[in-house]
Amino acid sequence: MSSVDEQRSTESWWRSLEQLADTPRFRALLDAEFPAEADPGGISRRRWLQLMGASLALAGATGCRWQEQEIRPFAKRPDGRVPGKPRRFTTAMPLGDAAIGLEVTTVDGRPVKIEGNPRHPQSLGATDLLAQAALLELYDPDRSRNVCLRSGKEKGPRSWDEFLAAFRQQADRLHKAEGAGFCVLTEAHSSPTLDALHAEFLRSFPKARWFEFDPIGDDHQRAGAVLAFGRPLRTHLALDASQVVLCLDADPLGAHPAALRYARDFAAHRNATAGQMNRLYAVESSLSLTGAAADHRLALRSTEIPAFLAILESVVAGSGDLGEAPSEPVRRFVDAVAKDLLDNRGRGAVCIGPGQAAEAHAAVHRLNALLENVGEDRPVGYTRVPHPNRPSHTEAIKALADEIRAGRVGTLLILGGNPVYNAPADLAFGEALQAVETSVHLSLYRDETSRQCTWHLPRSHFLESWGDVCSYDGTYSVVQPMIAPLFGGRSPIEVLAVVLDAAREAKQPAAGPEELVRRTFCQEIAHDEGAAWRQTLRDGLLAESRWPWETVSAPGGPKLEATPAEGESKDGGLELVFCRDASVYDGRFANNGWLQELPDPLTRLVWDNAALLSPATAAELGIENETLMTIEVGDRQIRMPAWVMPGQARGSIAVSLGYGRTAAGHIGGDTADNVAAVGVDVYPLRGTSAMTVVTGVKVEPTGEPYRLGNTQDHHAIDTVGRRGRQQRLGSLIRQATLEHYRQHPDFAKHAVHHPDLKSLWREHAFAGHRWAMAIDLSRCIGCGACVVACQAENNIPIVGKQQVLRGRAMHWLRVDRYFRGREDAPEVAFQPLPCQQCELAPCEQVCPVAATVHSREGLNDMVYNRCVGTRYCANNCPYKVRRFNYLDFHKDLEDPDNEVAKMKYNPEVTVRSRGVMEKCTYCVQRIQAAKIEAKNAGRAIRDGEIRTACQQVCPTGAIVFGDLAEDEDGRESDVLKLHGSDRAYALLGELNIRPRTIYLARIRNPNPQLEATDPEHDGHPG
Amino acid sequence: MTAIPVDDNTVQDPTRRAPLVLGDADLASVTQTVCEIAERPRPPTSWYVAFAVSVALTGGLFAAVGYLIVTGIGVLGNNSPVYWGWPIVNFVFWIGIGHAGTLISAILFLFRQRWRTSINRFAEAMTLFAVACAGVFPAVHVGRIWLVYWLAPYPNQMDLWPNFRSPLLWDVVAISTYGTVSALFWYLGMIPDLATLRDRATSRWRQLLYGLFALGWRGSATQWHRFEWAYLLLAALATPLVLSVHSVVSFDFAVAQVPGWHTTIFPPYFVAGAIFSGCAMVVTLAVPARAYFGLKSLITMRHLDNMNKLILGTSLLVGYAYGVEVFMAWYGGNMYEAFAFANRALGPYAWAYWLMVTCNVIVPQLFWIRKCRTTPWIMFLIAVLVNVGMWMERFVIIVSSLGRDFLPSSWGMFKPTAVDVMMLVGSFGLFFTLFLLFCRYLPMVAMAEVKAVLPPDRGPAPAVEVD
């Protein structure tokens, strides 16, 4: 040993011979084991104290660490992209075999708001509420996130690759068998690319079968056209060219694929100021938006409508054969309508709803032909239909079920749809599905059908995928992805392409979805080499691509019986009518909170469906409002709550489809996760024999109370309340007949008389912009799209049924619905109510902390971070448009699974915390954005440049926003003109609060022939 | 306990002044009677039982408030349109209760109503505790309780003042002034009595604590002189508060434009109602307390008789106000206001309205009958009913008016939750906890003042009145 070593050994203790030897290997080992030892200097006392102090402090801080997030700048900024700057792209929302053109605003790559595409003929800038709510669906954390296998013992998540590997083997086998035993089920669609792939699929698998089923379809329209013209055709209305419109169980303004366009045309032709007004008649069993907008409405059971139509046809044809004499009111109605239609030959339209049988459709075609309403420049026209050769949806699903039951289906590929939930009940589709060896379901959610299938595949949302659609009038649009699939989903096009690739035994996919869509576009739509492609993407549609109106032969078809068939007579059994739900459609949107919490336009029900009964029927059956009743059809029975609904036809029960989902998600119900279903599933009563109207229904009251979620309880009300409401209705909703309006154009100004109004204090002086709004009650049809648009724009939370029942719904904008007149034939009026931005705002005076103050431009601003939540402002608001965060309504976002839901928020709008008041601000963020833009450009803000979310979405253009100040050239803005209109009135103006929102009185155009004998229908308030 | 024969001093005999203290009480026995209550080494078991219940309820109140703070206002029944619910009802109720104390101690003092001396301490304590209970509610019913201090006008880095046009701000000022003045008045009047307790104290702790709060009172003529001046001045200060506080509270409603709130009659109507309910609360407390603590000779039947007359008088005022409201609603020709009152009387909250009318207007009419005024159990029952009625009055004003204002689309009903109920019951717990502590440790009757009104032969040398 060296002397040094000797010294070491004597100076210190040693642990091992290695240490004593101090070999390099030992040093390395030591360093790895005790890193501190690697520091030859060791740790000084001071350093040790520092370190210990710091670790103690940091140990305390572990609990409050933020989640680590990486922020990476773009090393190279993509062209045209400025962080935080909203960009707009066009796309289209497919729904059934139609679509609406959209313009989606994205911020930093995430879609935050959906608007209508102004260029698109089916949108004209407006959207319906379903399109508005699609944003929430996109970011729904309940959406399926992975491929899932359910087969014997093998269960659980899989990857796409695993599915493809498994499927390729199947595809090989099927390919060899030429597709025998291979079936595909799709939902209704109008995608040319999917059609092309369909054709290719049938070439690859000649013996395979393809079915198309949608629970809400056009079976009767197609069958009716076949009866009348010998081929399926689609009926189109030009409501801007029609002077008289008769709707038979039809809802062209509400539940129609082209409702947006129709509503715009209808409203455009209802301009009282210009003295030009159409007249709308509705004959229907259940109150619809069209019925509510009608000048005359006759509540008639759906099963009696063919008889009505037969009488009308006879009267119009002048044949005089009326069959069994109809009741007096019906007779009077028929005479008036017939006279009106005949007087307006070529300028009228008769339309009929999808619930009516094919024979009735044929009769309507005959009637329109008889009245010379059909043709170019006439109100009615016909075009081709997509997939003219397919069987009806009902036949298709029945055929598929029969195939399965016959054991002829080995592989079933279900592209979208949810047949286990919504196929006709007599097919017991879920049960049949068990017999299929391999069933694959592509779906946004792991829904009822997915859970019965071998494979579940996550579907990409239409905002995440490439696709193409034809809208109701045939206008071609490309569906562009706005964002990469959030949960790795794929579209039906992609899945089908994968199937075809597998059949071709191609290692590499032949083409991506964009390529496929583009190929279809070039080959089949535009017939060019892609020159129009970019323009189509940019515009959101291919110009002039709508289907031409076909010339049709004289319609034929069997004559209708003027008397209802046996068992359907007036005193016969009850009828049950299945309705498309205004918010959840057929149930596919059941997990969408915005839609669930949106009050139904007419019943005002939220988070529930109910059996709608007329007051008379309810009394006859002994059913109380909001109690459970049993409904029996054949051997199938359900229990559901009753809702007594004025305007419902006597003897007719209406039920909404789409509720009672058991595998929708955490909003719509998920029994596997102990989330109760929302509402009651009525599909069990719907069989192949009667998909729209069922007769011979047995109903029993149970007397068991059931509280329905409702935002505006109008019916069950005490006498005092009822009287008080009737007393003030005339001043709240001011309306008159066209005739009265012509004689007294200023009638709206005289509905309320009050002494001169004097202000208690010095008023605000307004210089510069004076923002204001005008809402035309003549135009508003009450659809509720504005409510959802407002919710999407302003980050308004949903609160759930219990909180709605407690009166804590958060909508900034609500649409009030009022009835007047008789219970069985009520007149309906809608009144959208945003904050009225009073100039002398009562809320501002009482806030102790000055959290709500007036802006120089006349906005009643709400300073969220100053609000302490005394709620005094809301008490003092006569319109009750302020909303208070009673609880933390964003609590669900704390769940890490819901992280994605945060992406839906508009980054320009604060997400409010619990305990603060909030309210409509005329979309102040949009005003500011426009101001900044105008200032940067060095120009004044143009009239119409700023549009509030509610205004932008409104299909009828009932809401107008703008500046009351004249511009530099002294031009009046639209809103200023409307404020000066003779119909303009301030709601509760007598309180001297000077609302900046004014209403334009509602003008109706009743038929004097019907009006005169109906004293209840006095058109104007006293 | 010294047995003092109870005489009847309720008979009106114009030839003689009715004695204010009964029996053969003299200076020593008054001191003895009052002090021994606070000096007992341990109170009777029943005190403990009552205290335990009250403390438990107080715990319930704070648990409910804690839950409310953690979860949000949504745990209450408040909704849209009824944005204010039970907390504000309770607030107005308790503030009203407080009024009798100030009335008795200040106004009756200024008017030389010497009969007030035996009950004023008691009533003042009640005022203070009622204000404490009232103070809980507006503070915890705001959405963001942790920022409630923003209502106070204080210089701050945000450079923001509260909105001086808001009645809620006036409220903050009125209530805090009222609380301060009531506390000062009560304490000031108690100083000589605290000194008595100090002088009689046997334990060191008692000597120290009573000594501390007696502020070195020696009973010298100078001290008495200054004391009486200070008391008079404070009484003069407190008197306008009796009228102002509830007037300001009523502005919370009258200034708003809600039909049923927006009426000019509210300030006097609220003040009358407040005194009415406060006197009823005094009777509710005094009847059992005088029996329980053997104070019948000091708090005599004549005192109660007088209180009952006050109740009857204010009941008539309140009834008149109800009538005027209804008349004005009709006469004013305002559709919304007319509806608000029709709705109160015949609408869904008609039961509350008629309960209110019964308890506040009809039942107190029994006090026209002398027997009802002088029979403890009857007056106790009536007083309790008046308290119920006055709570209902605030409920009717707040809930039924908010429930149905201008637009029928926004009408709604109010349904209280368990938290609402717990907070109301708990506030009574808090009130009685404080009251029981007061009975246990402090002189319940103003000894020094009572001694001044003893019959001349037994009292001190004729007092020289301050003027």
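## A parallel pairing in chain A

In strand 16 of chain A, A:Thr411 is the bridge partner of A:Phe182. This pair belongs to a wider arrangement, in which strand 6 (residues 182–186) of chain A and strand 16 of chain A run parallel and are joined by five bridges. Strand 16 of chain A also pairs in the parallel sense with strand 17 (residues 438–443) of chain A, again over five bridges, and there A:Val440 of strand 17 is the bridge partner of A:Leu413. Strands are DSSP runs of E with at least two residues, helices are runs of H or I with at least four, both numbered from the N terminus, and two strands pair if DSSP finds at least two bridges between them.

This is a predicted model, in which local features need pLDDT of at least 70 and side-chain atom pairs count only at pLDDT 80 or more, while totals for chains, interfaces and linings use all residues. Residues are numbered from 1 along each chain as its sequence is written, and chains are lettered from A and ligands numbered from 1 in the order in which they are written.

## Burial of strand 16

Strand 16 (residues 411–415) of chain A is largely enclosed by the rest of the structure, because five of its five residues are buried. A residue is buried if 20 or more other C-beta atoms, placed from the backbone, lie within 10 Å of its own, exposed if 12 or fewer do, and partly exposed in between. On one side A:Thr411, A:Leu413 and A:Leu415 are buried, and on the other A:Leu412 and A:Ile414 are buried, which leaves both faces covered.
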